[in-house]
Amino acid sequence: MNDERWQYLFRNYADSSFVELLRRDTPHLMPSSTGGAAAAPIEVPHGTTVLAVRFRDGVIMAGDRQATAGYQVASRRIDKVFKSDDLSGVGIAGAAGPAMEMAKLFQTELEHYEKVEGDNLSLEGKANKLGQMIRMNLQAAMMGLAVVPIFAGFDEKAGVGRLFKYDITGGRYEETNYDAQGSGSKDARDSLKKLWKRDMGRDEALRVTLEALIDAADEDVGTGGPDLVRGIFPTVKTITRSGFGEVLEDEVRRMCEQILEDRTRTGNGG
């Protein structure tokens with residue numbers, strides 16, 4: 001094999017950014033790729049409400065399970081919270097397909113960086129990486145395929161959970177206590193504003209998180225509440241010093257049933 005051919009096959013694959021490598025060698029595989037053609041806005045399934053809440057030991061992330069397409073339910077069982085690495089996760093709102101692609105690509109980006117550099121990115125570095133990926137999706141966002149995630153993780157250096165929100169241009173903003181994104185985000189934030197407390201334990205934070213999602217579902221037609229008939233309940237994850245973990249569905253179901261029972265007893269739904 002001649003030197004030129006060898007260099008072609010083995011050029012700089014030691015780049016610590018998998019996204020840059022993908023954009024350089026196979027740009028048509030990028031999630032934001034439109035094939036160079038202009039396109040009109042299209043109606044696709046959208047994930048609705050995700051949120052993140054800080055508590056004493058880290059961060060809880062949660063999302064309802066419903067996706068909508070216009071005025072129809074596109075899916076009742078979509079997952080909107082994904083593991084990014086052992087100490088961070090991302091919750092997706094917006095166009096469901098591109099959002100899930102971005103979440104998976106972000107996970108691969110962090111894995112690639114760790115393998116090439118032999119170390120993990122800092123939480124700030126991860127948040128910046130995700131902002132760059134959102135910025136690369138801007139063209140698609142202008143055609144109605146916006147992706148607006150929440151990123152959260154445990155900062156080992158600071159010893160606390162932290163969370164970040166974004167706009168469609170990739171602008172990154174850190175929130176100190178809680179945040180929500182998606183069609184039900186305003187109602188979820190209004191609920192969290194009343195219920196959130198500093199240094200909450202894990203169980204209290206779980207209840208506050210589920211209360212906020214139920215409040216969002218009560219006011220927003222796009223957000224799905226607990227479905228006792230079909231057995232569909234919100235997805236809930238925790239991120240602490242011990243890593244990224246899942247709150248089991250049985251525990252989420254019991255907590256939702258308790259919240260709904262308490263609201264039935266008070267008679268005001270709130």
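This section describes the fold, one helix pair, a buried phenylalanine and the empty spaces of a predicted model.

The protein chain is built from eight helices and 14 strands. Of its 270 residues, 49% count as buried. Among the contacts in the chain with a separation of 6 or more, 63% are made by residues 24 or more positions apart.

Two packed helices are described by the angle between their axes and the distance between the axes. For helix 7 (residues 202–219) and helix 8 (residues 249–266), the angle is about 65 degrees and the axes lie 10 Å apart. The crossing of helix 7 and helix 8 is right-handed. On the side of helix 7, the contact is formed by Arg 202, Asp 203, Leu 206, Arg 207, Leu 210, Glu 211, Ile 214 and Asp 215. Helix 8 contributes Glu 251, Val 252, Met 255, Cys 256, Gln 258, Ile 259, Leu 260, Asp 262 and Arg 263. By class, the residues of this contact comprise eight nonpolar, one polar and eight charged.

Phe 233 is located in the loop between helix 7 and strand 13 (235–240). Phe 233 counts as buried because its relative accessibility is 4%, and the cut-off for burial is under 20%. When neighbours within four places in sequence are left aside, the contacts of Phe 233 are Arg 65, Pro 226, Asp 227, Leu 228, Glu 249, Val 252, Arg 253 and Cys 256. Of these partners, Val 252 and Cys 256 also take part in the contact of helix 8 with helix 7. Leu 210, a residue of helix 7 in that contact, is separated from Phe 233 by 23 residues in sequence and by 9.6 Å in space, C-alpha to C-alpha.

Rolling a probe the size of a water molecule over the atoms shows where empty space is left. The largest pocket holds about 440 Å³ of space. Its lining consists of 21 residues, and those closest to the centre are Asp 85, Leu 87, Asn 120, Leu 121 and Lys 126. Two or more lining residues come from each of strand 6 (81–85), helix 3 (96–117), helix 4 (123–136) and strand 9 (150–155). Helix 3 gives the most to this lining, with four residues. The lining of the largest pocket divides into twelve charged, five nonpolar and four polar residues.

The second largest pocket has about 300 Å³ of space. It is lined by 18 residues, of which His 46, Thr 48, Thr 68, Ser 183 and Gly 222 lie nearest the centre. Strand 1 (46–47) and strand 5 (72–75) each provide at least two residues of the lining of this second largest pocket. By class, the lining of the second largest pocket has twelve polar, five nonpolar and one charged.

Closed spaces were also counted, and two cavities of 30 Å³ or more were found. The volume of the second largest cavity is about 40 Å³. The residues around the second largest cavity are Val 90, Ile 92, Ala 99, Met 102, Ala 103, Phe 106, Leu 130, Val 147 and Pro 149. The nine lining residues of this cavity are nonpolar, with no polar and no charged residues. Helix 3 gives the most to the lining of the second largest cavity, with four residues. Helix 3 therefore borders both this cavity and the largest pocket, a lining residue being one with an atom within 4 Å of a point.

Terms used: Residues numbered from 1 in each chain as written. Predicted model: local features only at pLDDT ≥ 70, side-chain atom pairs only at ≥ 80, totals over all residues. Heavy atoms only, no water. Axes fitted to C-alpha atoms, helices over the stretch in contact; angles between N-to-C directions. Left-handed = near helix turned anticlockwise from the far one by under 90°. Contact = heavy atoms within 4.5 Å. Nonpolar A, V, L, I, M, F, W, Y, C, P; charged D, E, K, R; others polar. 1 Å grid on protein atoms, 1.4 Å probe; cavity = no way out; pocket = protein on both sides within 12 Å on 5 of 7 lines; lining within 4 Å. Points joined across faces, edges and corners; volume = space filled by probe spheres on them. Buried < 20%, exposed > 50% of the residue type's maximum accessible area, 1.4 Å probe, protein only.
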